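Trainee: I would like to learn how to read a structure like this one, feature by feature. Could we begin with the chain as a whole and then move to the details?

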Amino acid sequence: MVSGAGRRGDGNVPYDQRAFAGGCFGMRVSTGRVVESDGRMFNVTVQGLGIGRQRRAERTLVVSYSQLQSLVQTLARQGGRMTAMIPSEAAPAVTGSSDSPASIGAGADPAPQSAPSKPAPVSSSHAAVPVNLYKPKNPFVGTVTENYSLLAEGAIGRVNHITFDLAGGDPQLHYVEGQSIGIIPDGEDANGKSHKLRLYSIASTRHGDNLADHTVSLCVRQLQYEKDGETINGVCSTFLCDIEPGSKVKITGPVGKEMLLPDDEEANVIMLATGTGIAPMRTYLRRMFEPTEREKNGWHFRGKAWLFMGSPTTANLLYDNDFNHYQAEFPDNFRYTKAISREQQNPSGGRMYIQDRVSEHSEEIFSWIEDPKTHVYMCGLRGMEPGIDEAMTAAAAAKGLNWAELRPQLKKAERWHVETY
Ligand SMILES: Cc1cc2nc3c(=O)[nH]c(=O)nc-3n(C[C@H](O)[C@H](O)[C@H](O)COP(=O)(O)OP(=O)(O)OC[C@H]3O[C@@H](n4cnc5c(N)ncnc54)[C@H](O)[C@@H]3O)c2cc1C
């Protein structure tokens, strides 16, 4: 049995125990601090909690009275069990903790002394997330305010940043970072029926690019392919890339709870994006690093964020200047790693894809993942998934872990988020 010496807040809690404690608690971390009402501490021995080898081990945690209930709920959710519970002689040295399950793990690391006092953070807890405020039968009609290319000279294809004014809706169409909206393009299909909606990941934060709280932006690549010697343009993506400011557009949603950001200001976030899969990542990074967003949300990200971006050419990189700027301004909190397939070579001399970058940094990626505060987000074309899976399988194997087992556990712990299309 692994014994759990050490008191919450005294810095003696072994790393593996902290990882174990938080590893199962995933996202929706409340950062609200409440004063502990009961000073009792308990040594609780549990089985079947955490991920990988942690899950098979029996471990002892030191938890406060107020954290017990959360632990019981988490055990029930994960199918683990409590084998012993004895009062601990160690009394808590500090007051002020969170009642949330996640904070049991987070509680092992006291918040930095420099943590600013702030209003309650805007919560993204699943229940509070808006969905389907507007449905296809009764869409909101928004107005295009801008539509411009995101690509530099020499890039391949067309990718535009398009913003819609959402003012005046009843209800107001609002959303949070990580959600998508539907667009119903004008016109009719081959059967004379209205076109069906297409989903697009939202690329702006809930406040919109202008922080006015009533706009939404998208990042849209025009679909083009060859068929029988003819170039076919995708219906909706071409409609959007061609649309003029002032035009009216039918909008549905918002939808999606898969890609929500954790509320924890000290979370670590690994982002794997290709092409327009950058849209949700842009919202996270703006929320984390734009001073106006930080101020407006009272949410001051202090964790680590690492963006892996896959692109065919440098000219095709999206929002690259913003991300370079964040890296310069927040070097301790943000890393930005690019895989430019047609310009860079992987170690075998082939094209450098995002999975090659994942393999290159697998040791570090896995040490991040071992930290229960780490969440991984993947977004882009569906074709990126097998390559990432392969890279993660090899990286896990190098650590004696089985990725096929680990991934569902991370998913269940709401720390592995995928949206591919
Ligand atoms: C959750 C989600 C989020 C999304 N986010 C974004 C986003 O942020 N940005 C973005 O640009 N897109 C995004 N998409 C994709 C988007 O919804 C549309 O699918 C895309 O824009 C193409 O729609 P379209 O109307 O232009 O193409 P359509 O006219 O609908 O054509 C698509 C169809 O063309 C056919 N086709 C496509 N390629 C070929 C080919 N090479 N050869 C033969 N046939 C082919 C297929 O039958 C395909 O179904 C997202 C999708 C989902 C599900």
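Mentor: Of the 421 residues in the chain, 52% count as buried, and please keep in mind throughout that this is a predicted model. The accessible surface comes to about 18,800 Å², with 50% of that area belonging to carbon and sulfur atoms.

Trainee: How many helices and strands does the secondary structure of the chain come to?

Mentor: The chain has twelve helices and 16 strands. To see how these elements are brought together, look at the contacts: among those between residues at least 6 apart in sequence, 75% join residues at least 24 apart.

Trainee: When I come to a sheet, what should I read from it, and in which order do the strands of the open sheet of five lie?

Mentor: Read the strand order, then the sense of pairing, then the edges. Here the order is β14-β13-β12-β15-β16, and the pairing is parallel. The edges are formed by β14 (334-340) and β16 (416-420), each of which pairs on one side only. Neighbouring strands in this sheet are turned against each other by 10° on average, direction ignored. As a detail at one end, β15 (residues 374-380) pairs with β16 in the parallel sense over five bridges, and G380 has T420 in β16 as its bridge partner.

Trainee: Which helix lies across β13 and β14, and at what angle does it run to β14?

Mentor: That is helix α8 (residues 320-329), which lies across β13 (305-311) and β14 and runs at about 140° to β14.

Trainee: How do I judge the surroundings of a single strand, for instance whether β6 is mostly covered or mostly open?

Mentor: Count the buried residues, and then ask about each face separately. In β6 (residues 180-184), five of its five residues are buried. S180, G182 and I184 are buried on one side, while I181 and I183 are buried on the other, so that both faces are covered. The pairing adds to this picture: β6 pairs in the antiparallel sense with β7 (residues 198-201) over four bridges, and also in the antiparallel sense with β11 (residues 248-255) over four bridges. G182 is a useful residue to find on screen, since it stands opposite L199 in β7 and opposite T252 in β11.

Trainee: Turning to charged side chains, how many salt bridges does the count come to?

Mentor: The count comes to 14 salt bridges. For each one, it helps to note the separation of the atoms, the places of the partners in the chain, and their exposure. D186 forms a salt bridge with K250, and their closest N and O atoms are 3.5 Å apart. D186 lies in the loop between β6 and β7 whereas K250 is in strand β11, so the pair ties together parts that are 64 residues apart in sequence. D186 is partly exposed, with a relative accessible area of 40%, and K250 is partly exposed at 30%.

Trainee: Which residue forms a salt bridge with K296, and where do the two partners lie?

Mentor: The partner is D213, with the closest N and O atoms 3.1 Å apart. K296 belongs to helix α7 (residues 291-297) and D213 to the loop between β7 and β8 (215-221), so this pair links parts of the chain 83 residues apart. A further pair, D389 with R407, has its closest N and O atoms 2.8 Å apart, and it links helix α11 (residues 384-398) to helix α12 (residues 403-412). There is also a network of salt bridges that links E265, E266, R302 and K373.

Trainee: Finally, what is the general idea behind looking for a nonpolar core?

Mentor: In soluble globular proteins, nonpolar side chains tend to be buried together. Here the largest nonpolar core has 33 residues, of which I278, M281, L285, M288 and L307 touch the most other members. The elements giving two or more residues to this core are β12 (268-274), α6 (278-289), β13, α8, β14 and β15, and the largest share, seven residues, comes from α6.

Trainee: Which residues does M281 touch, leaving out those up to four places away in sequence?

Mentor: M281 touches M259, M271, L272, A273, L307, Y377, M378 and C379. A second, separate core of 23 residues includes F308, W368, A391 and L401.

Conventions. Residues numbered from 1 in each chain as written. Predicted model: local features only at pLDDT ≥ 70, side-chain atom pairs only at ≥ 80, totals over all residues. Heavy atoms only, no water. Buried < 20%, exposed > 50% of the residue type's maximum accessible area, 1.4 Å probe, protein only. Contact = heavy atoms within 4.5 Å. Areas by Shrake-Rupley, 256 points an atom, 1.4 Å probe, with all protein chains shown as cover. Pairing = 2+ DSSP bridges. Axes fitted to C-alpha atoms, helices over the stretch in contact; angles between N-to-C directions. Salt bridge = Lys/Arg side-chain N within 4 Å of Asp/Glu carboxyl O. Core = buried A, V, L, I, M, F, W, Y, C linked by side-chain atoms within 4.5 Å.
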